[in-house]
Amino acid sequence: MATSFDPVLREKLLNRRHTLQRSITGLSPGAKVIDLLQQVDQALERMDSGTYGLCQVCHDAIEPERLAADPLACFCLDHLTPADQRALEHDLRLARQIQSGLLPKADSRFGPWEIAYHYQPAGLVSGDYCDVVDAADRGLYFMLGDVSGKGIAAAMLTANLHALFRALISAGLPLGELVTQASRAFCETTLSTHYATLVCGHARAAGEVELCNAGHLPCLHIHGGGLAEVASTGLPLGMFCSQEFALSRVHLRPGESLLLYTDGLTEAEDSSGTAYGVERLRRLATDCGAEPKILMGACRKDLDRFRGTAALSDDLTLMAVSRAF
Ligand SMILES: [Zn+2]
């Protein structure tokens with residue numbers, strides 16, 4: 001199969017070759033520079049022979065985003081050399097560290113509010129978004145969401161959401177306006193194929209909680225008498241650049257909680273392919289009560305029991321927000 005490539009790229013590579021050649025004229029170039037020159041020459045040859053952009057092992061197309069980042073790439077992800085594999089793994093581990101550095105403090109207390117969460121990527125990085133922002137006398141904001149897609153691209157978008165929401169919260173916007181602006185910015189800066197479902201909550205001292213559920217799974221309000229669902233009131237974030245978001249209001253009495261989760265929980269499967277489901281979560285939340293840390297522990301234990309040896313196939317995030325007094 002011959003590949004098509006942007007003719008401008010050939011020009012760019014030729015220019016790069018000339019620059020390299022010029023920079024070593026009259027010098028005795030090191031082995032690395034000679035090697036790089038050879039790689040550029042080989043890429044030009046591949047362009048002339050119609051094999052540019054194809055993996056040299058399996059002859060399938062190299063991932064376009066990798067080729068754009070490195071026009072000299074000769075192997076698909078599956079057939080990287082051991083050294084390249086190590087470099088990629090190193091990058092991923094660094095990305096994981098950066099992502100965990102963006103997570104809120106575990107098991108925190110903010111005035112009357114207590115928050116516990118569990119964040120578990122299926123791979124090295126996660127496409128789930130989870131944050132808590134204490135805006136002092138303006139109350140407490142909590143966010144939990146799920147970016148479409150997986151891997152590094154989704155993880156980068158979670159970092160984008162993290163920065164966007166933090167900036168907009170500090171501007172003191174009302175919740176509906178905050179989510180509308182975050183959605184617009186997210187829409188304008190991401191690929192049209194990406195969006196995020198999320199719940200953004202704003203809790204105030206008297207137990208009032210405003211919730212914006214943008215296309216996400218229902219939150220569970222755990223109260224003395226049982227459970228109530230706070231369902232989605234709109235489309236996911238970033239679907240269209242001008243979107244408005246409706247809000248729900250919930251009053252939490254002391255000892256009551258809200259439970260938020262991603263589909264990494266409800267769509268987790270056991271070894272026979274059966275999904276965990278919202279019903280099982282409702283029963284568990286009813287039995288175990290509203291204490292955030294106990295709730296997190298019980299959810300994780302029940303999911304492990306349910307899954308058995310089946311692997312976690314999607315990123316998992318759980319968050320419980322409770323009013324202590
Ligand atoms: Zn390959």
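This is a short walk through a predicted model, from its zinc site to its salt bridges and a few single residues.

Okay, ground rules. Since this is a predicted model, local features need pLDDT of at least 70 and side-chain atom pairs count only at pLDDT 80 or more, while totals for chains, interfaces and linings use all residues. Residues are numbered from 1 along each chain as its sequence is written, and side-chain values use heavy atoms, with hydrogens and water left out.

Let's start with the metal. Which residues hold the zinc ion? Cys55, Cys58 and Cys76 each give SG, and His79 gives ND1, at 2.0 to 2.3 Å. A donor here is an N, O or S atom within 2.8 Å of the metal (3.2 Å for Na, K and Ca), and water is not among the atoms, so sites may look incomplete. The four donor atoms subtend angles of 95 to 118 degrees, so the arrangement is tetrahedral; the rule for four donors is that all angles lie between 85 and 135 degrees. Along the chain, the donors follow the spacing C-x2-C-x17-C-x2-H. Cys58 and Cys76 link distant parts of the chain: Cys58 is in the loop between α2 (31-49) and α3 (64-69), Cys76 in the loop between α3 and α4 (82-101), 18 residues apart. Helices and strands, by the way, are DSSP runs numbered from the N terminus: H or I with at least four residues, E with at least two.

Buried or exposed, where does Cys76 fall? Cys76 is buried, at 4% relative accessible area, whereas Cys58 is partly exposed at 27%. The cut-offs are under 20% for buried, over 50% for exposed, and partly exposed in between, with a 1.4 Å probe and protein chains only.

On to salt bridges. How many does the structure hold? Twelve, each being a side-chain nitrogen of Lys or Arg within 4 Å of a carboxyl oxygen of Asp or Glu. Two of them sit in helix α9 (residues 292-307). Asp302 pairs with Arg305 at 3.2 Å, N to O, and being three residues apart in the helix, they are separated by about one helical turn. Asp302 is buried at 6%, while Arg305 counts as exposed at 57%. Asp304 pairs with Arg307, the closest N and O atoms being 3.5 Å apart. These two are also three residues apart in α9, about one helical turn. Here Asp304 is partly exposed at 45%, and Arg307 is buried at 14%. Then there's a network: Arg204, Glu210 and Arg249 are joined by salt bridges that share partners.

Elsewhere, Glu114 and Arg109 form a salt bridge at 3.5 Å, N to O. Glu114 is buried at 17%, and Arg109 is partly exposed at 47%.

Glu210 comes up again with Ser248, in strand β9 (residues 248-251). Ser248 is buried at 16%. Beyond its neighbours within four places in sequence, Ser248 is in contact (heavy atoms within 4.5 Å) with Val209, Glu210, Leu211, Val230, Ala231 and Thr233.

Last one: His162, in helix α5 (residues 151-170). His162 is buried at 12%. With the same four-place neighbours set aside, His162 is in contact with Leu102, Tyr129 and Asp131. The C-alpha atoms of His162 and Gly101 are separated by 11 Å, with their positions 61 residues apart along the chain.

How values were computed: Four donors count as tetrahedral if all angles lie between 85 and 135 degrees; four count as square planar and six as octahedral if opposite donors are over 155 degrees apart and all others between 65 and 115; anything else is irregular.
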